[in-house]
Each structure stands twice: as structure tokens, then as C-alpha cells.
Amino acid sequence: AYDETGFLDPKLDSPQAMSIGADGRIYIAGANEIVVFGKGDREVNRIAVDGKPKCMTVTPDGTIFVGYSDHVEVMNAEGTVEAVWEPRGSHPFITSIAVLEDDVFLGDAGHKVVLRYDREGNFIGEIGKKNEDEDIPGIQVPSPHLDLAINDDGDLWVVNPGLLGMERYRTDGSIVTSWYRPTLKLEGFSGCCNPTHVAFTGDGKLITAEKGLVRVKVYDVTNGEYKELVAGSKLFPREQSLKDIVVDQDNRILVLDPRNNMVRIFEEKETRDEKRT
């Protein structure tokens, strides 16, 4: 249902993470640098960082949250580090960040939980720990992939990669709903731990990416119904993992392909046809 329509070359060593700013700018983080693309997919800025970020998100006010494996750095829009959040526990591995108003959520694959903070870096609590009384199965993380995303309705959706599905939580840690799709068939997820990355379109559709047998797909997030294929395994070499996916303000799906060190762009065929008319 989608065409590959272009690419971005960030000219970065080991690009790992992406985010979309409120102004539509595309942020791509790699070793020691974040590159920013603006209108017309033209490069407009480069921001120096110290190390290799694992994840990143940019808030509407321009604040940049950069996640490394063992800590988080908070930067202003100019790229100045204003705060460093130290790790919790003995073996953190931060793989995702999402911000909802005053809450900051970190996917910690090391401790197999989602950590909730306020914007000042004060720890509030954990989400996703096993709790039979509350019907929470516990997040299973066989490999270092634990992604999360917030849709336009303000719902926090967390991947449970070991159970091959998605779980929706309230900010207080109580679970709302969940669904799992373990199967080799196209409508589900296979392997030990998928999906590896998730994002939402502007109209609330869930975009997922899988490792191993690489596929990028669209789901109805509410019930987990498979909708359509964005990109199949023929477009990617076998046995690899995409580094990140995001959806920009034009509902283009941006896929960070580590084999080529580039961001590949996919657009819905129907949307492209409408633009032409």
C-alpha cells in the first residue's frame, strides 16, 4: 500500500535514533552528532553530542531528550545540555523515550520496565512490572528492544516484545488493554521479540517494524487488527534490525536503515495520488 519515494542521507556514523519536532523538522542522532532536516528535506543544523545516543524525542517547545544506554541528557533547542539524569539500578539499558505533557517515559530494556519521570527528572514510578492481581503479565525483553509511543489521544502504548504484542497503560501504571500476535503470518509477529519499533500516524494508525524477518506494517492499535504492508522483507537484507521508525507531519514513514546508513522514506499510494490531482 506504500511506495518508497526517497531517502535522507544524514552523513552520520552509526545513526541510531530519530524524532520529529513540532515544526516538522526531522532529527537524526548518530555517534557524537544530531543532524536536523527542515523544509524540502534540506539539512539545516548539526548539534554535537558526546557518545552514541540510543533513542531521542523532541518536545513541542524544542527540548531534546537524548537517551544513552545508561543515562538521559536534556538539551535545549540550541543543543546545550541543561540536565543529566543518572541511571537507576545496576544494569539500565535505555532504548526509548516518549514525553506526554509533564511526564517523561523511558523504556528500560535492562530492567524490563518503563520508567516514569517528571520533566525535572524526578523519578515517579515503574510501569509494566508483573502483577497478577492487576492482570499485568510483565514485560518480557529477550533482546535489547523495548519501544513505546504515545498517540494523539494521549494513550501510552508499550511493546511487550517477548509476548509479541502491545499493551496500553495509564500513567499511574495500571493496564487498560493488550493484544498479542505470535505467528509467522503477515498479520502477526514472529521470532523471540517483536515488534522492535513502533510509531503513530496522524490519524492514529500504529506503524510497526520487526527485526530478523524485517517488515514494516500498519495496525489498528485498539484491537491489533493488521491493516496493510508498508515494506516487506524483500526490501531489506535478512537477519537485521532497523534502528528506528517515525512518522512525519505529512504522514510519511521514515525508516532508519543501518545497512545503508540512511533514512528511507515511504508514502501511502492513495495519499500520493490525491496530491497529484
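Q: How large in volume is the largest pocket of this predicted model, and which residues are closest to its centre?
A: Start with the general idea. Rolling a probe the size of a water molecule over the atoms shows where empty space is left. In this predicted model, the largest pocket has a volume of about 1,200 Å³. Its lining counts 50 residues, and Ser-19, Ile-20, Thr-57, Ile-97 and Val-246 are the closest to the centre.

Q: Which elements give two or more residues to that lining?
A: Six strands are listed: strand 2 (17-20), strand 6 (55-58), strand 10 (94-100), strand 14 (148-150), strand 18 (197-200) and strand 22 (244-247). Strand 10 gives the largest share, six residues.

Q: What is the make-up of the lining of the largest pocket by class?
A: It has 25 nonpolar, 17 polar and eight charged residues.

Q: What volume does the second largest pocket have, and which residues lie nearest its centre?
A: The second largest pocket holds about 220 Å³ of space. Its lining has 13 residues; Asp-23, Gly-24, Gly-38, Lys-39 and Asp-250 lie nearest the centre. By class, this lining has two nonpolar, four polar and seven charged residues.

Q: Pockets are open. How many cavities of 30 Å³ or more does a search of the whole structure find?
A: A cavity is a space where the probe fits but cannot get out. The search finds one of 30 Å³ or more. The volume of the largest cavity is about 70 Å³. It has 13 lining residues, with Glu-86, Pro-87, Ile-94, Leu-106 and Tyr-117 nearest the centre. Strand 11 (103-108) and strand 12 (113-118) are the elements that give two or more residues to this lining. By class, the lining has eight nonpolar, one polar and four charged residues.

Q: On to cysteines. How many disulfides does a search of the whole structure find?
A: The test is a distance: two cysteine sulfur atoms within 2.5 Å. The search finds one disulfide. It joins Cys-192 to Cys-193, with an S to S distance of 2.4 Å.

Q: Are the two partners, Cys-192 and Cys-193, buried or exposed?
A: Buried means under 20% relative accessible area, and exposed means over 50%. Cys-192 is partly exposed at 41%. Cys-193 is buried at 0%.

Q: Why does Cys-55 have no bond to another cysteine?
A: Distance is the reason. The closest cysteine sulfur, in Cys-193, is 17 Å from the sulfur of Cys-55, so the gap is too far for a bond. Cys-55 is itself buried, with a relative accessible area of 5%.

Q: Turn to strands. Which residues of strand 15 (residues 156-160) are on each side?
A: The general rule comes first. In a regular strand the side chains alternate between the two faces of the sheet. In strand 15, Leu-156, Val-158 and Asn-160 are on one side, and Trp-157 and Val-159 are on the other. Both faces are covered. Five of the five residues are buried.

Q: How many bridges join strand 14 to strand 15, and how many join strand 15 to strand 16 (residues 165-169)?
A: Three bridges join strand 14 to strand 15, and the two run antiparallel. One pair to look at is Ile-150 with Leu-156 of strand 15. Five bridges join strand 15 to strand 16, again in an antiparallel arrangement. Here Val-158 has Glu-167 of strand 16 as its bridge partner.

Q: Which residues in these hairpins have a positive phi?
A: Strand 14 and strand 15 form a hairpin with five residues between them, and Gly-154 in the turn has a positive phi of about 80 degrees. The hairpin of strand 15 and strand 16 has four residues between the strands, and there Leu-164 takes a positive phi near 60 degrees.

Q: Where is His-145, and what is it in contact with?
A: His-145 sits in the loop between strand 13 (123-127) and strand 14. It is buried, at 18% relative accessible area. Beyond its neighbours within four places in sequence, His-145 is in contact with Thr-95, Ala-109, Pro-161, Thr-196, Lys-211 and Ser-241.

Q: Is Leu-254 buried or exposed?
A: Leu-254 belongs to strand 23 (residues 253-257). It counts as buried, at 0% relative accessibility. Leaving out residues up to four places away in sequence, Leu-254 touches residues including Met-18, Ile-20, Ile-26, Val-246 and Val-263. Its C-alpha atom is separated by 32 Å from that of Gly-125, 129 residues apart along the chain.

Conventions. Residues are numbered from 1 along each chain as its sequence is written. Side-chain values use heavy atoms; hydrogens and water are left out. On a 1 Å grid over the protein atoms alone, a cavity is a set of points where a 1.4 Å probe fits but cannot get out, and a pocket is an open set with protein on both sides within 12 Å along at least five of seven lines; lining residues have an atom within 4 Å of a point. Grid points are joined across faces, edges and corners, and a volume is the space filled by probe spheres set on the points. Ala, Val, Leu, Ile, Met, Phe, Trp, Tyr, Cys and Pro count as nonpolar, Asp, Glu, Lys and Arg as charged, and the others, Gly among them, as polar. Buried means under 20% relative accessible area, exposed over 50%, partly exposed in between (1.4 Å probe, protein chains only). Contact means heavy atoms within 4.5 Å. Two strands pair if DSSP finds at least two bridges between them.
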